[in-house]
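Me: I'm in my first year and still learning to read structures. Could you take one part of this one and walk me through it closely, then show me how the rest fits around that part?

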Amino acid sequence: MSAPLLQVDGLRVSVAGTPVLHGVSLTVRAGEVHAIMGPNGSGKSTLAHVLAGRSGYAVTAGSVRFDGVDLLAMAPEERARAGLFLGFQYPVEIPGVNNAYLLKAALNARRRARGESEIDAFDFLNMVRAKMRVMQIDEALLTRGVNEGFSGGEKKRNEILQMLVLEPRLALLDETDSGLDIDALKVVGRGINTLRSPERAVVLVTHYQRLLDHVVPDQVHVLARGRIIKSGDRELALELERRGYDWLLEAAAAVA
Amino acid sequence: MSNNSELSALFDRGYEHGFVTDIESDTIAAGLDESVVRLISAKKREPQFLLDWRLRALAHWRQMREPHWAHLHYPPIDYNAISYFSAPKASGNAPKSLDEVDPKLLATYAKLGVPLHERARLAGVAVDAVFDSVSVATTFKARLAEAGVIFCPFSEAVQTHPQLIEQYLGSVVPYTDNFYATLNCAVFSDGSFVYVPRGVRCPMELSTYFRINAANTGQFERTLIIADEGSHVSYLEGCTAPMRDENQLHAAVVELVALADAQIKYSTVQNWYPGDATGRGGIFNFVTKRGECRGRNSRISWTQVETGSAITWKYPGCVLRGENSVGEFYSVATANNYQQADTGTKMIHLGANTRSTIVSKGISAGHGQNTYRGLVKVMPSAHGARNFTRCDSLLLGSSCGAHTFPYIESRNAQATVEHEASTSRISEDQLFYCQQRGLGQEDAVNMIVSGFCREVFKELPMEFAVEAQNLLAVSLEGAVG
């Protein structure tokens, strides 16, 4: 088996003094797709944000290694340049900043970090256009402000477009499926599958299993009340869909 | 932050134009009285009407009081401690071509990135460069002359086209206008003059580069642009000064006249020395700029990027006299460290169906104080007049301030006046989003700020939009962290 791409060990996190994650451990290897599921307020988004380096979260115990390196010691932009991508649940609008401009700056930051030269403007545009077709995004969105006036579905597809352009080694997708209609879900699923390869890994954070119909995970974890209380395969997601989370929460409470 | 050293390296770059050129200057003794005005006028061999006008201005100025209504705080200015004229010492007469200009001066402008000489030809921009008080070089004169465009130092125009000067000088900004403008009328030294004849579209961007070099001098230049009927001209001014611990006064006047169907686009990239991080030194920039849309269907557009100066006091305005005339004001003003900016515009609607647009973007950082002050005045004669104003303020950090004083006086019930305003901070969400995509914090801030200013930058001539963006990045260095 290959060395883990992401190794989370006993991660404890507090927000404003309140513990939110109570010791999360997770191992993701290259080539794998993991789904982290769980009820609202279970700490799923916190986990994604802590891994991406957002401020406002205090890590009180545990460690995270990304490709063998201490991830928590890195600045958010260093994590991104090392190949970690976070697809946001609520992509923020940045008025006046051209969507293509941000994308190109992001790609060049990643290329420079790998010791490569900046991408040729013409090559960039061709590449982005091809990926926009995969994501069925109107080309007009390229020249609009970042997420400015985008519909909910356009914002989510734009996140996946960015992911496809940046080709991260690890993509954390925070509720990318929320607010999408069935057709858009299919497009997003296809986009994520395009990225799947033996060198890359994807962690899907989601409420529902419906995205998993399109992107079949290798492992499914249930995160509840700040702990991973059960891990399994695809079947676990289907069982959650049928039975909800309560039976698991009760079982976990009985053990505790 | 782990890339602290990178950040501080950026920060240390600071003001890039702060060098002093070691050049012999002809500087008159400090102080202001009639003899000084007569001396300046004599040095320039001015006709009597101009000397008389200067003297009337001086007499009027003596009755005036320095205004203090602006939201600005600064130590009193001793007008008798300033020298009112400084010129690089020329060997003999004024230079007749670039080859005769002191190579040290040319080197200075090269350092500043002003495209004199061959670079000018490549850039396609005609440059008039004003060093301290006098104009030292005007490029492209011949090609402009072919098109009938007059573009020359003001003092030269006084000799060659005195009738135009007499007709238009002070016709937009009279010598009684305000304390600083009146002072300028008395002691102005040089500046640029442009006349675009009827129906002519000026074949290239015109540009003036102002540079303060000598210590303890004030700079009082005066620019007059006349666009005759149906003509077009786009004009850009840039400004820099050395770093000094003392404050230096800059009190310029710009007058624009657009006759029927004429268009003038006036862009400013102002980067006078802003003072150091503790607020020591820097230029006091008290400037009066006004354009008059004298004929019908005329248009005057002001675009300014104000990143420099310790104090900025300027309100480029438009008097919309001609029917259907249009006035525009697009502004980005930054105040970082201890800079203070009190800037905005005046739109005076006189003619029927006149329209004006005001877009102001103020950025405050450090201990900077940024004020938008604007007047929209609609006179009874201005039937169907319309104004739209938008003022957005962006705050970086918690020790800075943004203030908005919009004055609206509408004396015509049919007029439409709209005003929108917003104040925001760069959100944590926006910053994190950019960082998560791999941008460093400083780059992320620059990108977000540029986006905020985009509406204004896109009004600048293209070759200067990039410069403005870079300048903005430099002026806000270290503002977030």
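Reply: Let's start with a network of salt bridges that links B:Lys361, B:Arg390, B:Asp392 and B:Glu455. Keep in mind that this is a predicted model. Within the network, the side chains of B:Asp392 and B:Lys361 meet in a salt bridge, with 2.9 Å from N to O. The two partners come from distant parts of the chain, 31 residues apart: B:Asp392 sits in strand S21 (residues 386-396) of chain B, and B:Lys361 in strand S19 (residues 355-365) of chain B. Are these two residues buried or exposed? Both B:Asp392 and B:Lys361 are buried.

Chain B has another salt bridge worth a look. B:Glu46 pairs with B:Arg54, and their closest N and O atoms are 2.8 Å apart. B:Glu46 has a relative accessibility of 14%, so it counts as buried, the cut-off being under 20%. B:Arg54 counts as buried too, because its relative accessibility is 0%.

For a contrast, turn to chain A. There A:Asp213 forms a salt bridge with A:Arg234, and the closest N and O atoms are 3.0 Å apart. This pair also links distant parts of its chain: A:Asp213 is in the loop between strand S10 (201-206) and strand S11 (219-224) of chain A, while A:Arg234 belongs to helix H7 (residues 234-243) of chain A, 21 residues away. With a relative accessible area of 47%, A:Asp213 is partly exposed. Over all chains, a search of the whole structure finds 32 salt bridges.

Salt bridges also cross from one chain to the other. Two of them are found across the interface of chain B and chain A. One joins A:Arg54 to B:Asp429, where the closest N and O atoms lie 2.7 Å apart. On the side of chain B that touches chain A, the elements giving two or more residues are helix H10 (428-436) and helix H11 (441-457) of chain B. H10(B) gives the largest share of that side, with eight residues.

How many residues does each chain bring to this contact? Chain B contributes 21 residues and chain A contributes 32 residues. Together they bury about 2,200 Å², and carbon and sulfur atoms give 59% of that area. Of the area that chain B buries against chain A, 34% is supplied by B:Phe432, B:Tyr433 and B:Arg437, more than by any other three residues. Between the two chains there are also 13 residue pairs in polar contact, counting pairs with both residues at pLDDT 80 or more.

Chain A has some neat strand patterns as well. Its open sheet of four strands has the order S2-S1-S4-S5, with antiparallel pairing. The edge strands are strand S2 (18-29) and strand S5 (69-70) of chain A, each of which pairs on one side only. Strand S1 (residues 4-15) of chain A pairs with S2(A) over nine bridges in the antiparallel sense, and A:Gln7 stands opposite A:Thr27 in S2(A). Lying across S1, S2 and strand S4 (58-66) of chain A is helix H1 (residues 44-52) of chain A, which runs at about 110 degrees to S1(A).

Elsewhere in chain A, strand S6 (residues 84-87) is covered on both faces: A:Leu84 and A:Leu86 on one side, and A:Phe85 and A:Gly87 on the other, are all buried. S6(A) pairs with strand S9 (residues 170-174) of chain A in the parallel sense, over four bridges. In that pairing, A:Leu86 stands opposite A:Leu172 in S9(A).

Definitions and conventions:
Residues are numbered from 1 along each chain as its sequence is written. Chains are lettered from A and ligands numbered from 1 in the order in which they are written. This is a predicted model: local features need pLDDT of at least 70, side-chain atom pairs count only at pLDDT 80 or more; totals for chains, interfaces and linings use all residues. Side-chain values use heavy atoms; hydrogens and water are left out. Two strands pair if DSSP finds at least two bridges between them. Contact means heavy atoms within 4.5 Å. Axes are lines fitted to C-alpha atoms, for helices over the stretch in contact, and angles run from 0 to 180 degrees between N-to-C directions. Buried area is the accessible area (1.4 Å probe) that two parts lose on being put together, summed over both. A salt bridge is a side-chain nitrogen of Lys or Arg within 4 Å of a carboxyl oxygen of Asp or Glu. A polar contact is a pair of N or O atoms within 3.5 Å; within protein, one must be able to donate a hydrogen and the other to accept it, and residues adjacent in sequence count only if both atoms are side-chain atoms. Buried means under 20% relative accessible area, exposed over 50%, partly exposed in between (1.4 Å probe, protein chains only).
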